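User: Please take a close look at the metal site of this model and at whatever is bound beside it. I would like one connected account, with the geometry explained.

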Amino acid sequence: MKILSSKAIKRLESLVFWANDKTIEKYINKEQEKYLQRKLKEKKDLVVIDQQGHFIFVLAVKQKDIHKEWEQYRKLGAQVFSQLNKEQLKSFHIEAKGIDNEQVKFFTEGVLLSSYSFTKYHSDKKRNKTYLASISINSSLKQANLDEINEIYKAVSFARDLVNEPLSYLTAEQLGEEIKGSGKAYGYNTEVLGKKQIEALKMGGLLAVNAGSFDPPTFSILEWKPKNAKNKQPIVIVGKGVVFDTGGVSLKPTAGSMDEMKSDMGGAAAVVGAMQAVAANKLDIHLIALVPATDNRPGNKAYVPQDIITMHDGTKVEVLNTDAEGRMILADALSYAKKFNPELVIDLATLTGAAHAAVGMYGIVSMGNAPIRYKTKLSSSGNRVYERLVEFPFWEEYGELVKSDIADIKNLGGPVGGAITAGKFLEHFTDYPYIHLDIAGPAYISATDAYRTKGGTGVGVRLLYDFIKNFK
Ligand code: BES
Ligand code: ZN
Ligand code: ZN
């Protein structure tokens, strides 16, 4: 998408105004003016004036809560995009002189994010086509601000693409290729370890999950290290990269429960997207992303319940359910992260049905032992980008539930607190300030919700970007 800071309004172009901007009078007639006033009195937050072939949109958001207000702007952006696209319009202008920058930013973000669609496998290229190709904006935002929004949009779209790609394309190795491609394009370093190197590192968890698969696992290391980095120790972000989760020999029941499992690398997509956005916008923060990746399926050599797996850090894990595979591969990544002496580690994972059931698509389940200041910052980022966090307890007692009789720890908790016992399992492999984000609820949605397009949502990209941008 082209986004240009420009004062010029072209004739016959669709326009967006904020309510009570008098300059609109030049573009509408008396009748339309009356219609507008009537609609505004009815407290409509968006008024659309149809001008045969193009539109004038008037925004009149009123929300007491600032985060809801910003979210409303994103949603209106989605509505405006949908109208424009129905008419196959290729451009429009946002007239926002004197308007608060945040409002303009979030409105534009809503337009951009809603313009995404996954059409790679459509033979008819007109189906779900996005016609919009350029936006001009008159506001106090600088061109650099607009470029930043555009890069964030590209990163979210990249994450959505990765989630939307099925296993028939996106194997663990292909995910590695996608990561290398992004690194090359955006100037961050990538290293994609193959099976031999993963064996040499004794990543027993990743290898066990991969054992039933035809396709080898990968372990990707992404790094953005600017010279002027404000942090001495890196932030490490870790994403679950299960490119398809059948459950393994603890096979998921077919009725529905497997239908969305190409999205089980939503955490990986989030950290890769965030890395891309951070590098594209050249943030002054040293950032490392780790992506352990494999599919999880039954096969001749598949790991089975009661196996005892020696992990990368030497921990012995009793496997009780092969469908609890996310924690097996993340554990190896988390112990690998120790070597970077990180200031903070955050993992994102579509980890548990329990987190999904607890908050649905509306929230991210969070927990961890990191100092409160990090949690507060992350939570404010969540409110700002509207990927809101719900903090779960992380009490020691839950750790008791993953102790094993026959080994050090088991990959299955008790009947309660499934999201938390998964988090406690992961904590075992850390020795640094740690936050775990379970995105099983919001990573994938079956119907479009305003600017969150159906399928992969790219959740986590904007959250991490905002957090990293405001880190120091
Ligand atoms: N990938 C699933 C979790 C999931 C479920 C994500 C629904 C998105 C939507 C994960 O690997 C899994 O199967 N978890 C099991 C763990 C259990 C066996 C301890 C679960 O939550 O049921
Ligand atoms: Zn599973
Ligand atoms: Zn899974």
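**The two-zinc site and ligand 1**

Analyst: In this predicted model, the zinc ion (ligand 3) has an octahedral arrangement, because its 6 donor atoms subtend angles of 77 to 173°. The criterion for six donors is that opposite ones are over 155 degrees apart and all others between 65 and 115. Its protein donors are K240 through NZ, D245 and D264 through OD, and E325 through OE, at 1.9 to 2.4 Å from the metal. Along the chain these donors follow the pattern K-x4-D-x18-D-x60-E.

The zinc ion (ligand 2) lies 3.2 Å from the zinc ion (ligand 3), and D245 coordinates both ions. For the zinc ion (ligand 2), the coordinating atoms are OD of D245, both O and OD of D323, and OE of E325, at 2.0 to 2.2 Å. The spacing of these donor residues in sequence is D-x77-D-x1-E. Around the zinc ion (ligand 2) there are 6 donor atoms as well, but their angles run from 70 to 166°, so the arrangement is irregular.

E325 also appears in both donor sets, giving OE to the zinc ion (ligand 2) and OE to the zinc ion (ligand 3). How accessible are the donor residues? E325 is buried, because its relative accessibility is 0%. K240, at 1%, is buried too, and so is D245, with a relative accessible area of 3%. D323 has 22% relative accessibility and therefore counts as partly exposed; the limit for buried is under 20%.

Ligand 1 shares several residues with the metal site. Of the 16 residues that surround ligand 1, the closest are K252, D264, D323, E325 and G353. Among these, D264 is a donor to the zinc ion (ligand 3), and D323 is a donor to the zinc ion (ligand 2).

Polar atoms of ligand 1 also pair with the protein. One oxygen contact of ligand 1 is with an N or O atom in the side chain of D323, at 2.8 Å. The side chain of D245, the residue that coordinates both zinc ions, has an N or O atom 2.9 Å from an oxygen atom of ligand 1. A nitrogen atom of ligand 1 lies 3.4 Å from a backbone N or O atom of L351. On its own, ligand 1 has 520 Å² of accessible area, of which the protein covers 78%. The space that ligand 1 takes is the largest pocket.

Definitions and conventions:
Residues numbered from 1 in each chain as written. Chains lettered and ligands numbered in written order. Predicted model: local features only at pLDDT ≥ 70, side-chain atom pairs only at ≥ 80, totals over all residues. Heavy atoms only, no water. Donors = N, O, S within 2.8 Å, 3.2 Å for Na, K, Ca; no water. Tetrahedral: all angles 85-135°; square planar, octahedral: opposite > 155°, others 65-115°. Buried < 20%, exposed > 50% of the residue type's maximum accessible area, 1.4 Å probe, protein only. Near = heavy atom within 4 Å. Polar contact = N/O pair within 3.5 Å; in protein donor to acceptor, adjacent residues only side chain to side chain. Areas by Shrake-Rupley, 256 points an atom, 1.4 Å probe, with all protein chains shown as cover. 1 Å grid on protein atoms, 1.4 Å probe; cavity = no way out; pocket = protein on both sides within 12 Å on 5 of 7 lines; lining within 4 Å. Sits in = over half its atoms within 2 Å of the grid points.
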